[in-house]
Amino acid sequence: MAGKLLFKGREKDPPHLVSDSHQFVFSADIISTVEFNYSGELLATGDKGGRVVIFQHEQESKNRPHLRGEYNVYSTFQSHEPEFDYLKSLEIEEKINKIRWLPQQNAAHFLLSTNDKTIKLWKISERDKRAEGYNLKDEDGRLRDPFRITSLRVPVLMPMDLMVEASPRRIFANAHTYHINSISVNSDHETYLSADDLRINLWHLEITDRSFNIVDIKPANMEELTEVITAAECHPHQCNVFVYSSSKGTIRLCDMRAAALCDRHSKFFEEPEDPSSRSFFSEIISSISDVKFSHSGRYMMTRDYLSVKVWDLNMENRPVETYQVHEYLRSKLCSLYENDCIFDKFECCWNGSDSAIMTGSYNNFFRMFDRNTRRDITLEASRESSKPRATLKPRKVSTGGKRKKDEISVDSLDFNKKILHTAWHPKDNVIAVAATNNLYIFQDKIN
């Protein structure tokens, strides 16, 4: 794969600085979500500063056929601002937790973005013409005296420089007591669900003042709380089906046709734990950080701390495939617990044909697994690999004994450099990888 570094931060007064391997990064510039739209023409990123940056796929150039179109900045806008809940004396971060595109219906594009509490529907549209020749006002916008108007003019549309506008069309607020961790657009394209730690709500895209609570796992006594919801997603084809994962490593599939409140699941996916491998950290590392349906709707993929699992929706007792992401960290769990890295929430994604999956790791490594050949590869998103047409070299981690020339020792891994957010183009072999405040785009190399 050939790679390119797309951008490094943007100018804004940050709340504070964070250290990233001897480099100081504005906290507001750290990318918190990455998402391609349905066609792959647009790529949206959200950051901790509440901004959304949209990149557009440039058309292929005859002069540079090796680059099958690059992604350049299309639009940037401030989606969320920091707020303060005066009733609870609680600061609400502007950080964008999730972005989800709606299928394109006309010339404009629509996306949902959310922070911890508020979901917004944004319209992104283009304007390349302006009206001129008004009767009641001059060209500079000043109103004309009606008594001095002696003739009527027909306004005409004149070409102008392309302008991309982002405008908020709906604001869905005040429905979540806890922090929103997921939003997912339903296959009916009219509704979507939003999930926080204890509840899942179903919204209609046209109605902002009410939503339907479809899952509520809050116990009457909060001291009896044993698990929280970590992720939720709608089925890609069946608008009545959705799944949600928990911090206990379980996944529940629910059918909204069965009951209005889906507290009783239709299917329950859990892999039995091996008693011999149980440790103090077992419950923490079994917590699922992401769940994604395959494009076909037949499978779903879950990511826990050390592995990615692929489940067949028709088989609940164990996954059909398990891929170890960084098993070499099992011996380091104690230090990862002390520096809080063990609580990192890695995402995962499918390629367009569901034949390969990708997820992130530490040291700016990301892992790709081919489901057909069962081959896997570790690649690194770094400045060296971001030069145009530079080919990514596979990386290997030495787990002990004598280290080979190209291998990196487990003890040398930088746990401040982590790839939590990745996205795969829905049709092509183009991937987007977020590494702190850098966005990398990689594509299959053409000779």
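Two strands are taken to pair if DSSP finds at least two bridges between them, and both helices (H or I, at least four residues) and strands (E, at least two) are DSSP runs numbered from the N terminus. The structure is a predicted model, in which local features need pLDDT of at least 70 and side-chain atom pairs count only at pLDDT 80 or more, whereas totals for chains, interfaces and linings use all residues. Residues are numbered from 1 along each chain as its sequence is written, and side-chain values use heavy atoms, with hydrogens and water left out.

The secondary structure of the protein comprises two helices and 34 strands. The radius of gyration, taken over C-alpha atoms, is compared here with a globule rule of 2.2 Å times the number of residues to the power 0.38. The protein has a radius of gyration of 24 Å, close to the 22 Å given by that rule for 447 residues, so it is as compact as a globular protein of that length. Along the principal axes, the C-alpha atoms fill a box of roughly 95 × 60 × 40 Å. Of the 447 residues, 49% count as buried, where buried means under 20% relative accessible area, exposed over 50%, and partly exposed in between (1.4 Å probe, protein chains only). With contact meaning heavy atoms within 4.5 Å, 53% of the contacts between residues at least 6 apart in sequence join residues at least 24 apart.

Towards the N terminus of the numbering, strand β5 (residues 42–47) is mostly covered, with six of its six residues buried. In a regular strand the side chains alternate between the two faces of the sheet. Both faces of β5 are covered, since Leu42, Ala44 and Gly46 on one side and Leu43, Thr45 and Asp47 on the other are all buried. Strand β4 (residues 31–36) runs antiparallel to β5 and is joined to it by five bridges, and Ile31 has Asp47 in β5 as its bridge partner. These two strands form a hairpin with five residues between them, in whose turn Gly40 has a positive phi of about 85°. Strand β6 (residues 51–57) is likewise antiparallel to β5 and joined to it by five bridges, with Gln56 in β6 as the bridge partner of Leu42. The hairpin of β5 and β6 has three residues between the strands, and Gly50 in this hairpin takes a positive phi near 80°.

An open sheet of four strands, with antiparallel pairing, follows the order β14-β15-β16-β17. Strands β14 (182–185) and β17 (212–216) stand at its edges with a single partner strand each, so one side of each is left without a neighbour in the sheet. On average, neighbouring strands of this sheet are turned by 20° against each other, direction ignored; axes are lines fitted to C-alpha atoms, for helices over the stretch in contact, and angles run from 0 to 180 degrees between N-to-C directions. Four bridges join β14 to the antiparallel strand β15 (residues 191–195), and the bridge partner of Ser184 in β15 is Leu193.

Ser194, which is found in β15, counts as buried at 0% relative accessibility. A polar contact is a pair of N or O atoms within 3.5 Å; within protein, one must be able to donate a hydrogen and the other to accept it, and residues adjacent in sequence count only if both atoms are side-chain atoms. The side chain of Ser194 makes such a contact with the side chain of His176 at 2.7 Å and another with the side chain of Trp203 at 2.8 Å. Leaving aside neighbours within four places in sequence, the residues in contact with Ser194 include Ile119, Ser182, Ile183 and Asn201.

A further open sheet of four strands, also with antiparallel pairing, has the order β26-β27-β28-β29, and its edge strands, β26 (348–350) and β29 (376–380), each pair on one side only. Strands β27 (residues 356–360) and β28 (residues 365–370) pair in the antiparallel sense over five bridges, and Ile357 has Phe369 in β28 as its bridge partner. Thr378 lies in β29 and is buried, with a relative accessible area of 11%. Its side chain makes a polar contact of 2.9 Å with the side chain of Arg367.
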